[in-house]
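Thank you for making room for this at the meeting. I would like to walk through one structure with you, and I will try to keep to what can be read from the coordinates.

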Amino acid sequence: MARAYGKNPVEALSDFEEYSDLLGGPWRPAPAELISQVSYICILQMVLARATSSEAPQYPDLDKHPHRNAIRSWFEAVDPGDLRQRLSAATGVAPQNISAQLSAGRLAPELAVEAARIAGASLPGGLVATGLVTPGEAGWPQNGLQEALDALTDSELLFLARDRLDGVGKQLRKLENDVENDLALLENLG
């Protein structure tokens with residue numbers, strides 16, 4: 001609704017009591033937060049661009065490929081190690097429910113903002129990861145994603161690609177197993 005009136009959604013949300021600190025909290029995302037919003041496709045394209053170019057590499061359009069695991073990647077990027085437990089204690093939401101939301105690729109906006117508060121991360125960052133606001137609306141630097149990726153060494157970029165591919169592989173394996181189980185159930189039902 002705020003967008004329809006030409007108002008920044010982050011500013012509009014700050015009018016609500018539970019989001020009143022959005023404008024006063026940290027705005028600038030850490031490099032890990034920025035990188036968490038880059039899809040594995042773009043990361044692989046960057047690896048290839050660096051490996052095959054002797055001149056300035058052509059980098060991928062980071063906005064072209066949406067990132068299905070953005071919220072989980074963001075959560076893991078800001079997690080000091082005990083974020084699920086601390087978020088559960090602060091909100092009363094069971095850790096397994098938080099994990100289930102993250103596995104499903106979603107997190108309630110109020111949980112994302114509270115997670116950012118607990119982790120000392122960019123408060124609007126959780127809203128970016130949930131898709132509620134854009135990086136521009138959250139005050140993220142215009143070329144922040146590209147600059148964060150550029151700052152990675154080749155080995156860091158390769159390890160990032162490995163980790164992202166591992167996550168995607170696990171999701172695909174689960175999907176394949178679910179399909180096989182569904183087919184087996186249908187065969188048993190006749």
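I will begin with the overall fold, then turn to how some of the helices pack, and end with the largest pocket.

Please keep in mind throughout that what you see is a predicted model. The protein has ten helices and zero strands, and if one reads along the sequence the pattern is accordingly α-α-α-α-α-α-α-α-α-α. Taken along the principal axes, the box filled by the C-alpha atoms is roughly 55 × 55 × 35 Å.

Now to the packing, where a pair of helices is described by the angle between their axes and by the distance between those axes. Helix α5 is a convenient centre for this part of the talk.

Let me take α5 with α4 to start, a pair whose axes lie 10 Å apart and which packs at an angle of about 100°, so that α4 is roughly perpendicular to α5. On the α4 side the contact is made by Arg72, Phe75 and Val78, and on the α5 side by Leu83, Arg84 and Leu87. Sorted by class, that contact of α4 with α5 comprises four nonpolar and two charged residues, with no polar ones.

Turning to α5 and α6, the axes come within 9 Å of each other and cross at roughly 115°, and the crossing is right-handed. Here Arg84, Leu87 and Ser88 of α5 meet Pro95, Ile98, Ser99 and Leu102 of α6, which by class gives four nonpolar, two polar and one charged residues.

What, then, is the crossing angle of helix α5, residues 83-91, with helix α7, residues 109-119? These axes cross at roughly 115° and come within 10 Å, and α5 passes α7 in a right-handed crossing. The residues in contact are Leu83, Arg86, Leu87, Ala90 and Thr91 from α5, together with Leu111, Glu114, Ala115, Ile118 and Ala119 from α7. By class, the contact of α5 with α7 holds seven nonpolar, one polar and two charged residues.

That leaves the pocket, which may be the part you would like to inspect on screen. The largest pocket has a volume of about 850 Å³ and a lining of 26 residues, among which Asn69, Arg72, Gly167, Val168 and Gln171 lie nearest its centre. Arg72 is a residue we have already met, in the contact of α4 with α5.

Which helices supply the lining of this pocket? At least two residues each come from α2 (31-36), α4 (70-78), α6 (95-103) and α10 (154-189), and it is α10 that gives the most, with eleven residues. As for the character of the lining, its residues divide into ten nonpolar, eight polar and eight charged.

I will stop there and take your questions.

Definitions and conventions:
Residues numbered from 1 in each chain as written. Predicted model: local features only at pLDDT ≥ 70, side-chain atom pairs only at ≥ 80, totals over all residues. Heavy atoms only, no water. Axes fitted to C-alpha atoms, helices over the stretch in contact; angles between N-to-C directions. Helix = DSSP H or I, 4+ residues; strand = E, 2+ residues; numbered from the N terminus. Left-handed = near helix turned anticlockwise from the far one by under 90°. Contact = heavy atoms within 4.5 Å. Nonpolar A, V, L, I, M, F, W, Y, C, P; charged D, E, K, R; others polar. 1 Å grid on protein atoms, 1.4 Å probe; cavity = no way out; pocket = protein on both sides within 12 Å on 5 of 7 lines; lining within 4 Å. Points joined across faces, edges and corners; volume = space filled by probe spheres on them. Parallel < 35°, antiparallel > 145°, perpendicular 65-115°, else oblique.
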